[in-house]
Amino acid sequence: MKRDVILAGVGGQGLLTIAAAIAGAAHALGLHLKQSEVHGMAQRGGVVRSHVRLSDRPIHSDLIPEGAADLLLAAEPMEALRYLPYLAPDGMVVANRVPMKNIDPYPDEDEIAAALRALAHRLVFDAVSLAREAGSIRSANIVLLGAGAPFLGIPVDALRAAVDRLFERKGPAIVETNRRAFDLGLAQAERPAD
Amino acid sequence: MRTRVLLGDEAVAQGAIDAGLSGAYSYPGTPSTEIVEYIQRSDAGRDGRIHCRWSTNEKTALEAALGMSYAGRRAMASMKHVGLNVAADPFINSAIVGANGGLVVVAADDPSMHSSQNEQDSRFYADFALVPCIEPSDQQEAYAAPGVAFELSERFHVPVLIRLTTRLAHSRAVVTLGETRGANDLSIPTDRKQYVILPAHARGSYQRLVERQPQLAAASEESPFNRYTDGPDKSLGILACGIAHNYVLEAYDGMPPHPALKVSQYPAPADLIERLLADCDQVLVVEEGFPFLEARLRGFPRVDRAIRGRLDGSLPRTGELSPGIVARALGLPGRQTLPASRLPAPRPPALCPGCPHADTYRALNEAMATHPMGRVFSDIGCYTLGAFPPYEAIDTCVEMGASITMAKGAADAGLRPAVAVIGDSTFTHSGMTGLLDCVSEASPVTIVLLDNLTVAMTGGQDSQATSRLESICAGLGVAPEHIRVIEPLPKAHEKNAAILADELAYDGPSVVIARRECVQTARRHATKREAA
């Protein structure tokens with residue numbers, strides 16, 4: 001078993017929380033993992049990316065080689081496109097379609113949508129609406145994780161448990177919201193393709 | 001077997017805790033900050049068994065660590081690479097006096113400058129100071145490094161440098177924890193001359209340090225961090241340092257067909273390197289950072305085709321390595337990739353919505369509008385982002401503290417108005433002495449102290465300046481009527497711009513403290529209050 005995952009988004013979107021959940025699940029399963037992330041200056045509304053590598057064998061590089069990622073999990077549509085060269089030709093893209101427009105000008109949204117539609121293996125959906133449905137738009141990151149869960153190569157229940165552990169100390173209401181968020185994302189992934 | 005998922009930084013911290021650390025000294029700086037933050041959250045940090053409060057700057061941090069080592073206990077000073085410039089004086093001289101309790105300095109380098117002004121390679125500092133350096137290649141070695149470093153330090157009576165780079169500092173992996181060891185007892189040096197390096201003593205101390213070098217080299221030859229792996233194809237040998245070794249293994253799926261020498265402890269293991277050179281037709285040197293060993297291996301004549309690396313273009317001269325860059329240098333075919341999209345636009349970091357610095361810059365820009373020849377000398381912090389639109393409010397950012405002293409120098413040259421913009425924590429780190437220079441000469445410099453009550457850029461650590469700025473400025477001799485306090489809020493814009501304009505017109509040193517809490521820490525504090 002081996003999965004290379006690129007997480008992409010913008011500072012404040014909770015990418016590193018998803019990374020921590022995946023890492024936590026992999027550790028609980030006894031897998032090898034490497035999870036590289038960006039801190040500091042790059043976090044102030046700038047791009048955030050994380051490389052997550054899971055394997056049942058030792059992993060050497062902290063960074064995923066270009067052309068090797070099995071999954072690109074993006075919290076923002078333009079950020080999904082930024083990392084296409086990392087994706088393996090048969091790699092999967094799971095992306096939130098709601099843009100984060102903190103730059104001006106933001107590129108043409110129709111062109112971005114078309115570029116995402118042109119990808120062979122993709123799931124592009126509105127994670128923000130599902131997060132609202134779950135109870136808090138702040139859980140859009142966990143919706144995204146749920147949607148990516150079937151492509152991570154580890155049991156979905158292990159991920160769900162890792163999410164629970166992450167939010168445990170914030171109280172049962174927040175655990176419940178994030179559980180709903182995870183399951184709404186998961187249901188999105190299990191729906192027939194558009 | 002205890003395992004944990006740890007960042008490289010956290011692995012160093014846990015390794016130091018398990019090796020009997022008594023004091024962690026540091027000033028926050030990316031990518032090193034998480035070392036002390038981890039120790040602060042640990043049981044031993046919280047109950048006071050390990051000292052782990054932030055220091056005022058890297059120099060005071062290293063000096064305090066040196067003092068703890070003097071008293072026989074194990075101490076660690078950690079910082080980002082440029083922090084070691086600030087602490088260079090105690091670092092170099094600690095090598096002369098030597099260590100009593102183990103003394104470890106951690107420098108986290110930032111190749112590609114993700115959050116820094118340069119990509120200096122701290123291995124040169126270890127070499128310069130004649131002390132060992134450990135450059136872990138992965139999180140497990142990062143965990144082991146402090147224990148080995150403390151032992152080397154106590155065995156050879158030298159400080160030891162641990163060099164990290166961003167990618168290891170900020171990458172997590174599963175780490176297996178080992179044995180733990182208690183703290184050292186208090187023990188003061190028996191030789192009262194040891195730490196008094198008057199020239200007469202220093203000559204002897206320096207001689208002893210030089211004489212110890214062959215022993216340090218021998219320790220490197222035997223170090224488990226340095227490893228020679230033979231391979232059948234001797235047309236090429238690979239010398240890879242620290243994390244670069246992982247990219248070599250990645251390229252060959254763990255089994256390089258060529259002889260490969262991994263170097264993670266310095267002084268460089270000369271015997272192992274000579275074996276690689278003798279065994280192979282060519283050697284590719286793969287280093288994260290500067291071509292430190294490569295330059296040594298080349299020597300003269302300068303055109304030596306047997307040595308490849310960053311200096312002959314086999315690898316890029318600057319910037320962080322990646323698995324792709326290393327695979328290409330090894331002549332391996334790249335994977336098939338999707339073409340890059342032309343659509344993504346840059347998304348530069350920006351001040352947060354509601355940031356107090358934004359309001360200060362708007363007021364300052366208005367006050368400066370009537371002074372086209374005036375210039376704003378800025379400093380290191382979130383507020384450096386004021387260089388970007390829509391503010392474009394600052395003209396310089398060089399190193400910690402340079403705002404005030406550069407403004408003074410420009411004022412000495414006749415530039416008016418000369419304005420310095422510096423954050424509260426940067427001011428206590430390195431700005432106070434510059435302000436004293438301004439006061440001593442009554443220099444016409446207006447200093448805007450951006451007091452957001454925290455070290456914001458690195459994640460909101462406690463600032464040494466909090467609730468002390470007025471008394472520090474007054475104590476250094478700034479006239480009380482020229483210590484002004486403004487609250488940077490949109491509703492106070494006109495008033496703030498007028499106060500700044502007043503002080504720009506004053507022909508002496510003045511300080512305008514723009515005080516409002518960072519929106520990030522304010523939110524965190526509000527959440528904490530709600531929870532309580």
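# A guided tour from a strand pair to chain A

Begin by selecting Arg484(B) and Val512(B): Val512(B), in E18(B), is the bridge partner of Arg484(B). The model is predicted, so local features need pLDDT of at least 70 and side-chain atom pairs count only at pLDDT 80 or more, whereas totals for chains, interfaces and linings use all residues. Residues are numbered from 1 along each chain as its sequence is written, while chains are lettered from A and ligands numbered from 1 in the order in which they are written. Element labels follow DSSP runs numbered from the N terminus, with helices (H or I) of at least four residues and strands (E) of at least two.

**The sheet around E18(B)**

Extend the selection to residues 510-515 of chain B, which form strand E18. This strand runs parallel to E17(B), and four bridges join the two; strands pair if DSSP finds at least two bridges between them. Now display the whole open sheet, whose five strands follow the order E14-E15-E16-E18-E17 in chain B with parallel pairing. At its edges lie E14 (375-377) and E17 (483-486) of chain B, each pairing on one side only. From one strand to the next, the twist averages 20°.

Add helix H16 (residues 356-368) of chain B, which packs on the sheet and touches E14, E16 (445-451) and E18 of chain B. Contact here requires C-beta atoms, placed from the backbone, to lie within 7 Å. The direction of H16(B) makes about 160° with that of E16(B). Axes are lines fitted to C-alpha atoms, for helices over the stretch in contact, and angles run from 0 to 180 degrees between N-to-C directions. Next, select helix H18 (residues 424-440) of chain B, which lies across E15 (418-423) and E16 of chain B and runs at about 150° to E15(B).

**An enclosed strand and an exposed loop residue**

Move to strand E2 (residues 21-26) of chain B: six of its six residues are buried, so this strand is largely enclosed by the rest of the structure. A residue is buried if 20 or more other C-beta atoms lie within 10 Å of its own, exposed if 12 or fewer, and partly exposed in between, with C-beta atoms placed from the backbone. Five bridges connect E2(B) with E3 (residues 74-80) of chain B, and the two run parallel. Leu21(B) stands opposite Arg74(B) in E3(B).

For a contrast, select Asp230(B), in the loop between E8 (227-229) and E9 (236-241) of chain B. Asp230(B) counts as exposed because it has 11 C-beta neighbours inside 10 Å. Leu261(B) is 31 residues from Asp230(B) in sequence, and their C-alpha atoms are 8.5 Å apart.

**Where the chains meet**

Show both chains and select their contact, to which chain B gives 40 residues and chain A gives 39. On the side of chain B, H9 (166-169), E7 (171-176), H12 (244-251) and H15 (323-329) each supply at least two residues. Strand E2 (residues 32-37) of chain A runs antiparallel to E7(B), joined by three bridges. Ser36(A) has Ser171(B) as its bridge partner in E7(B).

**Chain A**

Finish with chain A alone, which has seven helices and six strands. Follow them from the N terminus in the order β-α-β-β-β-α-β-α-β-α-α-α-α. The C-alpha atoms fill a box of roughly 45 × 40 × 40 Å along the principal axes. Of the 194 residues in chain A, 55% are buried.

Methods. Contact = placed C-beta atoms within 7 Å.
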